[in-house]
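Subject: Structure handover

Dear colleague,

I am passing a structure on to you, and I would be glad if you kept it open while reading the notes that follow it.

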Amino acid sequence: MDNVLLQTHMLLPIEEIARKLSLLPAEYEPIGAYGAKLNLNLLDNPAFPGRGKLIVVTATTPTTSGEGKTVVSIGLAQGLERIGCKSILTSREPSLGPVFGMKGGAAGGGLSQVEPSQKINLHFHGDFHAITAAHNLLAAMIDSHLFFGNALELDPAQITWPRAMDMNDRALRRIKVSLAAKGDGANRDTGFVITAASEIMAIMALASSRADLRHRIDSIVVGPSRSGQPVTAGDLGATGAMLALLDDAIKPNLVQTTEGTPALVHTGPFGNIAHGTSSILAHKMGVRLADYVVNECGFAADLGAEKYFDIVMRLSGIQPAAAVLVVTAQSLRAQGEGKLESGFSNLEHHIKTLRGYGVPLVVAINRFPSDTPEDLEMIATECSLQGVPCALVEAFAKGGEGAVDLARKVVSAIETNPAPEIQPVYALEDALDVKILKVAIQVYGADGVTFSDVARAKLERYAVWGFGRLPVCIAKTQYSLTDDPKRMGAPTGWALNINDVSLSAGAGFVVAVSGNMMLMPGLPSHPRAMSIDVDDDGNIVGV
């Protein structure tokens with residue numbers, strides 16, 4: 001408990017963090033002593049031209065316990081500041097589901113956290129609640145429209161808009177609504193998704209302005225009419241009220257790391273069903289406020305990084321100046337089914353994938369307490385054999401000091417190649433199935449793709465509706481390069497199975513589902529909620 005209190009006392013007032021970024025009082029709105037919302041007019045201020053370099057942080061295929069990618073990202077931002085660079089972190093907001101479930105908090109750890117970590121891991125500035133409310137308002141308006149005559153002729157059996165809640169609750173995955181009602185929508189099957197999987201979350205992360213947010217919410221397709229035409233949130237008249245609920249949530253949140261490095265923590269889309277990175281607004285502000293922006297992407301390079309290059313980069317216009325690939329001995333040993341060196345094929349595959357985008361690359365070897373010097377040396381030697389610079393990172397135990405070597409090597413990689421030619425995997429002009437095929441082959445290492453009849457029919461429908469030029473967001477397991485979470489390493493001679501697709505018209509991508517995607521997780525038998533408490537002085541413990 002003393003450590004928690006000591007850490008809180010060490011935090012800098014948010015006004016001091018704002019001064020580090022040369023922000024005037026009119027450009028941010030303090031929320032408590034250690035947080036603030038940044039005003040969107042900052043993006044139109046000529047005093048803040050875009051000058052910063054964005055660094056994408058990704059990883060090799062993770063284990064269920066995670067590889068410390070958040071810790072490395074925070075440590076790198078702190079390390080850059082220690083070598084005299086003006087840096088800022090951009091990261092996602094944690095979801096309450098994992099906090100109380102199996103994974104726990106997602107604000108980093110040790111001496112590399114975003115602070116105040118308890119607040120960030122829990123309600124923070126209310127963004128998730130606003131997104132949940134906006135999502136459920138649209139759901140309520142759909143069922144109200146059905147109840148009062150269904151003038152839009154929405155087909156109740158094909159409505160795709162669920163409810164949302166930011167909590168792990170498997171009992172809500174499949175539900176019936178309007179029980180004992182009459183007419184359209186009576187006894188209708190639907191369900192809940194966790195808020196991080198809501199299309200509203202993806203929309204918030206990809207919106208570039210309030211006007212763009214309005215357009216995206218207007219464009220949400222909730223299902224087809226009986227004549228087969230898309231019905232939107234705009235058709236239902238829901239957009240204005242949803243915007244009102246999201247008016248503060250669209251503003252990026254300014255906080256700090258354990259060492260007082262500025263951090264923008266904003267939005268929290270999943271890394272498989274969505275694109276898995278913080279908001280475009282945070283990125284655009286970051287490159288105006290700092291020389292280097294450290295941006296963490298969800299899961300491994302086959303998911304979060306691919307989606308940054310193929311979805312986010314296209315919308316933001318911000319090309320990464322470098323990529324950091326986080327690797328651990330435990331992840332490589334897991335991919336090698338117990339043998340460290342057998343997992344090197346997975347490392348090699350992710351290196352090849354990132355090189356394919358044309359981005360300068362540095363490997364971060366994240367040290368865990370159980371790692372042996374021999375294991376770490378073997379990984380460093382493998383990186384050398386593959387011609388990639390690497391750095392040992394001890395950000396958890398040492399904070400920014402433990403990431404100084406990584407910071408120097410990232411800056412050197414950027415200065416050596418200051419204008420890389422970055423290339424996405426596919427062109428937007430490609431057909432939707434061709435886009436999926438190119439990602440499967442070039443990023444996952446598959447030989448091809450098989451589509452179910454349902455998936456093929458939906459792809460054809462979306463093309464007819466005019467959505468054929470959208471990028472694709474492939475939802476698959478994070479635990480393997482394949483669609484089978486038990487296949488380790490870098491398998492060859494396999495095909496990606498697409499069993500379903502869905503349209504996120506507001507977010508601006510088509511989701512291709514491979515395998516069983518869990519959009520509403522359940523609690524484990526002994527959830528972390530059982531160890532979280534508040535003491536008599538109001539201090540939250542166990543997060």
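In which sense do β20 and strand β23 pair, and over how many bridges? Before the answer, please bear in mind that this is a predicted model. The two strands, β20 and β23 (residues 509–513), pair in the parallel sense, and four bridges hold the pairing; as an example, V472 has V510 as its bridge partner in β23. On the other pairing, β22 and β23 run in the antiparallel sense over five bridges, and there S502 has V511 of β23 as its bridge partner.

Taken together, these strands form an open sheet of three, in the order β20-β23-β22 and with mixed pairing. Because β20 and β22 (500–504) each have a single partner strand, they stand at the edges, and one side of each is left without a neighbour in the sheet. On average, and with direction ignored, neighbouring strands of this sheet are turned by 25 degrees against each other. As for the covering of β20 (residues 472–475), V472 and I474 on one side are buried, and so are C473 and A475 on the other.

Two helices also belong to this picture. Helix α11 (residues 301–316) packs on the sheet, where it touches β20 and β23, and its direction makes about 170 degrees with that of β20. Helix α17 (residues 432–444) lies across β20 and β23 and runs at about 55 degrees to β20. Two packed helices are described by the angle between their axes and the distance between the axes. For α11 and α17 the angle is about 120 degrees and the axes are 11 Å apart, and the two helices are therefore oblique to each other. The crossing in which α11 passes α17 is right-handed, and the contact is made by A301, D302, L303 and E306 of α11 together with V439, V443 and Y444 of α17.

Elsewhere in the chain, strand β15 (residues 292–296) is mostly covered, with five of its five residues buried: Y292, V294 and E296 lie on one side, and V293 and N295 on the other. Strand β3 (residues 53–59) runs parallel to β15 and is joined to it by five bridges, while strand β4 (residues 87–91) pairs with β15 in the parallel sense over four bridges. Y292 in β15 is a point to look at on both sides, since K53 stands opposite Y292 and S87 stands opposite Y292 as well.

Turning to the interior, the largest nonpolar core has 134 residues, and those with the most contacts inside it are L23, L138, I220, L254, L354 and I436. A second, separate core has 36 residues, among them I74, A263, V294 and V411. In soluble globular proteins, nonpolar side chains tend to be buried together. Apart from residues up to four places away in sequence, L354 touches T58, A301, A305, F309, A323, L325, V359 and L361.

One last residue to look at is G358, in the loop between α13 (344–357) and β17 (361–366). Because its relative accessibility is 27%, G358 counts as partly exposed. G358 and E421 are 63 residues apart in sequence, yet their C-alpha atoms are 5.8 Å apart in space, and, leaving aside neighbours within four places in sequence, G358 is in contact with P420, E421 and I422.

With best regards

Conventions
Residues are numbered from 1 along each chain as its sequence is written. This is a predicted model: local features need pLDDT of at least 70, side-chain atom pairs count only at pLDDT 80 or more; totals for chains, interfaces and linings use all residues. Side-chain values use heavy atoms; hydrogens and water are left out. Buried means under 20% relative accessible area, exposed over 50%, partly exposed in between (1.4 Å probe, protein chains only). Contact means heavy atoms within 4.5 Å. Two strands pair if DSSP finds at least two bridges between them. A nonpolar core is a set of buried Ala, Val, Leu, Ile, Met, Phe, Trp, Tyr and Cys residues joined through side-chain atoms within 4.5 Å. Axes are lines fitted to C-alpha atoms, for helices over the stretch in contact, and angles run from 0 to 180 degrees between N-to-C directions. Angles under 35 degrees count as roughly parallel, over 145 as roughly antiparallel, 65 to 115 as roughly perpendicular and the rest as oblique. A crossing is left-handed if the near helix is turned anticlockwise from the far one by less than a right angle, and right-handed if clockwise.
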